[in-house]
Amino acid sequence: PPEMQVDSTPIPEAPMETGTVSDPASSSCGAQLAKDFIGQVDSPDIRSKITEAVGGKAPGGVVFVLPGGSVETNARPDRLNVMIDYTQTIRDLRCG
């Protein structure tokens, strides 16, 4: 059988910036309060800490969105969506 070729080109890291910290509407879900978690690996402990950090600033709840997962269809500006990439790293925080 032919030898399999492996591409050893490194995969570039995704930027670790939130699209909401500078967004005036981001205060509606507490995104700024959780910005220090961007770049951290997702875990039950981190999820608990994020939920605690935003406290009552996200009355719509906190949703953890995995790659390929869908965001709730009923947009709520008071809900924090924590976007997690395929490496299980938190990459973005979005209100909605």
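Me: Leaving aside neighbours within four places in sequence, which residues is Val82 in contact with?
Reply: This is a predicted model, in which local features need pLDDT of at least 70, side-chain atom pairs count only at pLDDT 80 or more, and totals for chains, interfaces and linings use all residues. Residues are numbered from 1 along each chain as its sequence is written, and side-chain values use heavy atoms, with hydrogens and water left out. Contact means heavy atoms within 4.5 Å. By that rule the partners of Val82 are Ile50, Val62, Val63, Phe64, Val65, Ile90, Asp92 and Leu93.

Me: Is Asp85 buried or exposed?
Reply: Asp85 sits in the loop between E2 and E3 (strands are DSSP runs of E, at least two residues, numbered from the N terminus). Buried means under 20% relative accessible area, exposed over 50%, and partly exposed in between, with a 1.4 Å probe and protein chains only. Because its relative accessibility is 13%, Asp85 counts as buried.

Me: With which side chain, besides that of Thr87, does the side chain of Asp85 make a polar contact?
Reply: A polar contact is a pair of N or O atoms within 3.5 Å; within protein, one must be able to donate a hydrogen and the other to accept it, and residues adjacent in sequence count only if both atoms are side-chain atoms. The Asp85 side chain meets that of Thr87 at 2.6 Å. The other partner, also at 2.6 Å, is Arg91.

Me: How far apart in sequence are the parts that Cys29 and Cys95 tie together?
Reply: The two form a disulfide (cysteine sulfur atoms within 2.5 Å), with their sulfur atoms 2.0 Å apart. Cys29 lies in the segment before H1 and Cys95 in strand E3, so the parts tied together are separated by 66 residues.

Conventions: Helix = DSSP H or I, 4+ residues; strand = E, 2+ residues; numbered from the N terminus.
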